[in-house]
Each structure stands twice: as C-alpha cells, then as structure tokens.
Amino acid sequence: MSAISTPLTLGAVAYDPKVVTIWDGFQRWFAARDLAFDYVLYTTYERQVQGLLRGEHHVAWNSPLAWLQAERAAAAQGRRAHAVAMRDTDRDLTSVLVVRADSDVTRPEALEGRAVGFGAKDSPQATLIPRAHLRVPVRERLFDVLVGKHGDHIGGERDAARALLHGEVDAAWMLDANHLAFSRDGTLPPGATRVIDATAPFDHCNFTVLDDAPAGLVGRFVALLLAQRYDDPEVRPLMDLEGLRAWLPGRTAGYRALADAVTLDPESLGFSPRVP
C-alpha cells in the first residue's frame with residue numbers, strides 16, 4: 001500500500017455536482033474540529049475501489065455494490081474491509097414494483113413475458129436486487145444511465161418511471177423513497193401508479209476502510225461523524241444534501257440480498273477481485 005500522510009483522505013464518486021459542495025463543506029467542518037481532511041473524486045465506483053486498494057485514499061464512500069467489490073477484492077489480497085459508518089437513511093430500504101393505476105396487473109406473476117423497466121445494469125436498488133427478487137421471466141428493459149455510478153444518480157429509475165407512465169413498459173422497479181419522490185416532483189402524477197410488490201429490506205451506502213488504514217485518523221473521522229447533529233445549523237445543509245439526519249455505525253448484514261443477487265449472476269459484480 002502506498003504511504004499516505006495526514007490529512008485523512010476520502011474517496012467519493014462524482015455522480016452529481018452537489019458532491020463537491022458536500023465534501024467541501026465537510027472539509028471545513030472537520031478542519032474546525034482539528035481533523036485535516038481531503039477528498040479525491042472518481043468517475044466510477046470501480047475506479048474508487050481500485051484507489052482504495054492501491055492506497056490512494058483512506059476511506060471510501062461506497063455504494064452497496066462497491067462495498068461488495070471492495071470486500072471481495074480485499075479478501076483476494078489477504079486483507080479485510082470494514083464498514084465503519086453509514087447514514088440513518090442507508091438502513092432498511094426497499095424497492096417496489098410499480099404499475100400504472102389502470103393496469104390489469106395485480107401481482108408479479110402476471111408480468112410473465114411482459115416488459116418491465118429496471119434502472120442501470122449496475123444499480124443495486126433498481127436492477128440487481130429486484131431482478132433476483134422477481135423470479136418471473138419478463139422482458140427486461142434496462143435504463144442504463146451513467147453506468148459505473150451504481151444508480152446513485154437515480155436517473156435510470158426516473159427514466160423507467162417515465163417509460164411506465166407513457167406505456168412503454170408494463171411495470172418498473174424503483175426505490176420506495178424514489179417512488180414517493182417522483183410523485184412529489186411530478187415525474188409520476190399522484191394516483192397514477194400502484195405498488196404490487198416490494199423487496200425485503202436492504203442497506204445502501206457505507207464508509208469503507210481496509211484493515212491497514214491509520215486507526216487514529218479513521219477513529220477521529222468516525223467519532224466526529226457520529227457526533228454530528230441535524231439541529232446544528234452549520235452542518236444541517238450538508239446533511240440535507242447527503243440525505244440523512246444522523247450518522248450511524250456501519251453494519252454489513254443488510255447486504256445479504258445484494259450478495260445473493262451477485263451469486264446468482266456473478267457477472268453483475270462487474271469487477272475482478274484480483275485488482276492490483
């Protein structure tokens with residue numbers, strides 16, 4: 001591993017311009033609390049995982065699929081990955097299967113042979129977990145927006161929702177929270193859709209470190225994160241942008257559904273664990 005001196009360095013994926021605003025803000029917040037902090041942006045999660053393995057940063061802000069990639073790639077090198085923190089909103093998510101309100105489809109089995117919209121091919125919440133859950137032969141239509149971003153931009157889900165509304169697919173998968181958001185922002189008019197199925201709960205992003213990361217720096221970083229409070233006017237706008245009200249300790253039990261989905265379709269991992 002390449003030697004990295006202070007500051008603590010984070011790896012993140014630039015899936016949206018707001019990412020710069022978020023981490024610039026956290027950089028100032030950490031600095032005011034005596035933690036030197038910097039970040040490196042990557043174009044894809046695959047590059048970010050490679051960067052973590054090569055020592056380009058200490059902590060990776062990983063999607064669920066990137067967590068599996070990092071965990072397995074580290075194991076292939078005789079190392080261990082650890083999930084040290086996550087958002088409150090990363091826990092116990094569900095994806096829903098949505099049809100138009102006037103559809104004759106009332107159960108997933110009725111979709112056999114019909115067109116179903118999914119997100120990008122590497123989206124855990126809109127493709128990988130739903131595909132494994134559905135277990136019905138359908139005509140898949142993938143909305144491959146920004147592959148490599150693992151669906152974090154939700155563009156594929158939004159396009160699938162629009163295709164559903166326009167009658168181009170018979171059903172579409174999306175995160176439950178995004179279904180609600182699409183109803184609020186007008187992508188899906190209120191009352192235009194019905195939910196006919198949902199996945200079991202699963203977890204989303206986490207901060208990932210390897211076992212050779214500097215324990216003192218990582219410990220200070222995690223302690224400061226967990227100490228943030230949503231009612232702090234200095235940090236609240238950043239938490240709003242990042243979509244949380246509290247940081248929580250990391251956990252990994254919530255990735256079993258995704259791990260099972262990847263086991264069913266190993267190519268969906270999209271990553272060789274033998275990364276140098």
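The following exchange examines how several descriptions of this predicted model are justified.

Reader: Why are helix 3 and helix 9 called roughly perpendicular to each other?

Author: Helix 3 (residues 64-76) and helix 9 (residues 256-264) pack at an angle of about 70°, with their axes 10 Å apart. Angles of 65 to 115 degrees count as roughly perpendicular, and the two helices are therefore described in that way.

Reader: Which residues of helix 3 and helix 9 meet, and how do they divide into nonpolar, polar and charged?

Author: Pro-64, Leu-65, Leu-68 and Arg-72 of helix 3 meet Leu-258, Ala-259 and Val-262 of helix 9. The residues of this contact comprise six nonpolar, no polar and one charged. Arg counts as charged.

Reader: What makes strand 2 and strand 11 the edges of the sheet?

Author: The open sheet has six strands in the order 2-1-3-10-4-11, with mixed pairing. Strand 2 (37-42) and strand 11 (247-249) each have a single partner strand, so one side of each is left without a neighbour in the sheet. From one strand to the next, the twist averages 30°.

Reader: How do you know that strand 1 and strand 2 pair, and in which sense?

Author: A pairing requires at least two bridges. Strand 1 (residues 8-13) and strand 2 have six bridges, in the parallel sense. Within this pairing, Ala-12 stands opposite Leu-41 of strand 2.

Reader: Which helices lie against the sheet, and at what angles?

Author: Helix 1 (residues 18-31) packs on the sheet and touches strand 1, strand 2, strand 3 (59-62), strand 10 (206-210) and strand 11. Its direction makes about 165° with that of strand 2. Helix 3 lies across strand 3, strand 4 (81-87) and strand 10, and runs at about 165° to strand 4.

Reader: Why is the pair of Trp-23 and Phe-37 called tilted?

Author: The count comes to 14 aromatic pairs. Rings pair if their centres lie within 6.5 Å, and planes from 30 to 60 degrees apart count as tilted. The centres of Trp-23 and Phe-37 are 6.2 Å apart and their planes are at 35°, so the pair is tilted. Trp-23 is in helix 1 and Phe-37 in strand 2, 14 residues apart.

Reader: What makes Trp-23 and Phe-37 buried?

Author: Buried means under 20% relative accessible area. Trp-23 has 2% and is therefore buried; Phe-37 has 5% and is therefore buried.

Reader: Which cluster do ring pairs form?

Author: Ring pairs link Trp-23, Phe-26, Trp-29, Phe-30, Phe-37, Trp-61, Phe-207, Phe-221 and Trp-247 into a cluster.

Note on methods. Residues numbered from 1 in each chain as written. Predicted model: local features only at pLDDT ≥ 70, side-chain atom pairs only at ≥ 80, totals over all residues. Heavy atoms only, no water. Axes fitted to C-alpha atoms, helices over the stretch in contact; angles between N-to-C directions. Helix = DSSP H or I, 4+ residues; strand = E, 2+ residues; numbered from the N terminus. Parallel < 35°, antiparallel > 145°, perpendicular 65-115°, else oblique. Contact = heavy atoms within 4.5 Å. Phe/Tyr/Trp six-rings, centres within 6.5 Å; stacked < 30°, edge-to-face > 60°. Buried < 20%, exposed > 50% of the residue type's maximum accessible area, 1.4 Å probe, protein only.
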